[in-house]
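Hello,

Here is the structure I promised to pass on to you. My notes on what turned up in it follow below.

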Amino acid sequence: MAALIPAHNEQDRIAAAIDGLWKQARRPDLIIVVADNCTDGTATIAAALGAQVFHTRGNTHKKAGALNQAIAWVLPHLDDRDLLLVQDADTVLNPWFTETAMATFNRKVGAVGGVFYGEDGGGFLGLLQRMEFHRYAWELDRTGGKAQVLTGTGTMFRARVLREVRTARRSGVLGGGNGYYSLASLTEDDEITKAVKTLGYRTMSPAGCAVTTEVMPNLAKLWHQRLRWQRGALENLRDYGWTRVTARYFLQQFLMGFGALSFLVYLTFVLTYTALYGWPGLSPFWTAIGLVFMVEKTVSVRRAGPLAVLVAVLMIPEMLYDLFQHAVYFASLWGLLRRSEQKWVAT
């Protein structure tokens, strides 16, 4: 098992990421920090902690380009059944991640992704993000650990599967360049999930593969992060088109948009009616629906702690957070519609 940590000026976080790997119940045989155009002490710290440092050369494709260079360097030394773990430099894996991931593999599972939780801090905005991540983990558990996205925070691949992905790109079955990760995607982790599934493999995220990752400290950084995630997801669907793999993702995006639009219409109606005629009072039917919604919101974040449960019960803070997410969705959709250049289409 080899572990890759792509890093660009991560001297403040790289030590924790490496330490988390050395503390695994099944330690990697090799830890490689992919120093991508670093101008700080990332490489020096990594070497001092026992990691091998791989310096990218002439990379202009950010994380995906850095990973492609590093994987091309290490993969020839791995057998098809060997494992390659990719994790972000701002993430710490729980001690059972690698052991759980290895036990999850079989002939049908091509990759195992992490279940991410937010680190402490970030104030009230950090709490809302942690609640969101806990809710995502809860949904994953309800679906039996079927990964929707092979998160960049931590994903383990069979070497054979990565070779198949590259072959598929070079033969035109998949687009995005001729390497392992797509160079045409804003969200390389979302794209490679679809690539692995297109090749007929399952992707899993078992509960034991928990990771702790960074939360955004302010709205500006959160907006930038989520806009990239959402825009990348929409572009990946556009590029792949409608297939047996993407059909479910298309449906999810449609329901997301429909839900966001319905919420905005409902909120506008209530505010307008109240302004014109006063508070309409409580409807037994809609009150019951609201209570069911509140119970689900509360139950799904109970492991995030009592403060998270209290915020879920209040509902208003998360409604405002949802409005923020809706704004991200519509901004991403509008940006996609305005952009006319063509990208690759999978066949």
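Helices and strands in what follows are DSSP runs, numbered from the N terminus, with at least four residues for a helix and at least two for a strand. Please keep in mind that this is a predicted model.

**The second largest pocket**

Let me begin with the second largest pocket, which holds about 370 Å³ of space. Its lining is made up of 13 residues. Which of them lie nearest the centre of the pocket? Those are Lys146, Lys197, Arg202, Thr203 and Arg248.

Two elements each bring at least two residues to this lining: strand E9, covering 202-204, and helix H9, covering 247-277. Of the elements, E9 gives the most, with 3 residues. By residue type, the lining of the second largest pocket divides into 5 nonpolar, 3 polar and 5 charged residues.

**Salt bridges**

The model contains 17 salt bridges, and I picked out a few for you. In one of them, the side chains of Lys23 and Asp19 meet at 3.0 Å, N to O. How open to the outside are these two, exposed or partly exposed? Lys23 has 56% relative accessibility and so counts as exposed, the cut-off being over 50%. Asp19 is partly exposed, because its relative accessible area of 35% falls in between the limits of 20% and 50%.

Another salt bridge pairs Glu188 with Lys63, whose closest N and O atoms are 3.5 Å apart. This pair links distant parts of the chain: Glu188 belongs to helix H7 (residues 188-198) and Lys63 to helix H3 (residues 62-74), with their positions 125 residues apart in sequence. Is Glu188 buried or exposed? With a relative accessible area of 9%, Glu188 is under the 20% limit and therefore buried. Lys63, at 22% relative accessibility, counts as partly exposed.

Glu188 has further neighbours to look at. Leaving aside residues up to four places away in sequence, Glu188 touches Lys63, Ala64, Tyr181 and Ser182. Lys63 thus appears both as a contact of Glu188 and as its salt-bridge partner.

A third pair worth opening in your viewer is Arg142 with Glu296, where the closest N and O atoms are 3.8 Å apart. Here too, distant parts of the chain are linked: Arg142 sits in helix H5 (residues 123-142) and Glu296 in helix H10 (residues 284-299), and the two are 154 residues apart. Arg142 is exposed, with a relative accessible area of 51%, whereas Glu296 is partly exposed at 38% relative accessibility. Beyond these pairs, Arg13, Glu119 and Glu214 are joined into one network by salt bridges that share partners.

**Cysteines**

Finally, how many disulfides does the structure hold? The count is 0. Two cysteines may still be worth a glance. Cys38 is partly exposed, with a relative accessible area of 24%, while Cys209 is buried, with a relative accessible area of 0%.

If you would like somewhere to start, you could go to the second largest pocket and its nearest-to-centre residues, including Lys146 and Arg248, and then move on to Glu188 in helix H7.

Happy browsing, and do write back with any thoughts.

Best wishes

Terms used. Residues numbered from 1 in each chain as written. Predicted model: local features only at pLDDT ≥ 70, side-chain atom pairs only at ≥ 80, totals over all residues. Heavy atoms only, no water. Disulfide = S-S within 2.5 Å. Buried < 20%, exposed > 50% of the residue type's maximum accessible area, 1.4 Å probe, protein only. 1 Å grid on protein atoms, 1.4 Å probe; cavity = no way out; pocket = protein on both sides within 12 Å on 5 of 7 lines; lining within 4 Å. Points joined across faces, edges and corners; volume = space filled by probe spheres on them. Nonpolar A, V, L, I, M, F, W, Y, C, P; charged D, E, K, R; others polar. Salt bridge = Lys/Arg side-chain N within 4 Å of Asp/Glu carboxyl O. Contact = heavy atoms within 4.5 Å.
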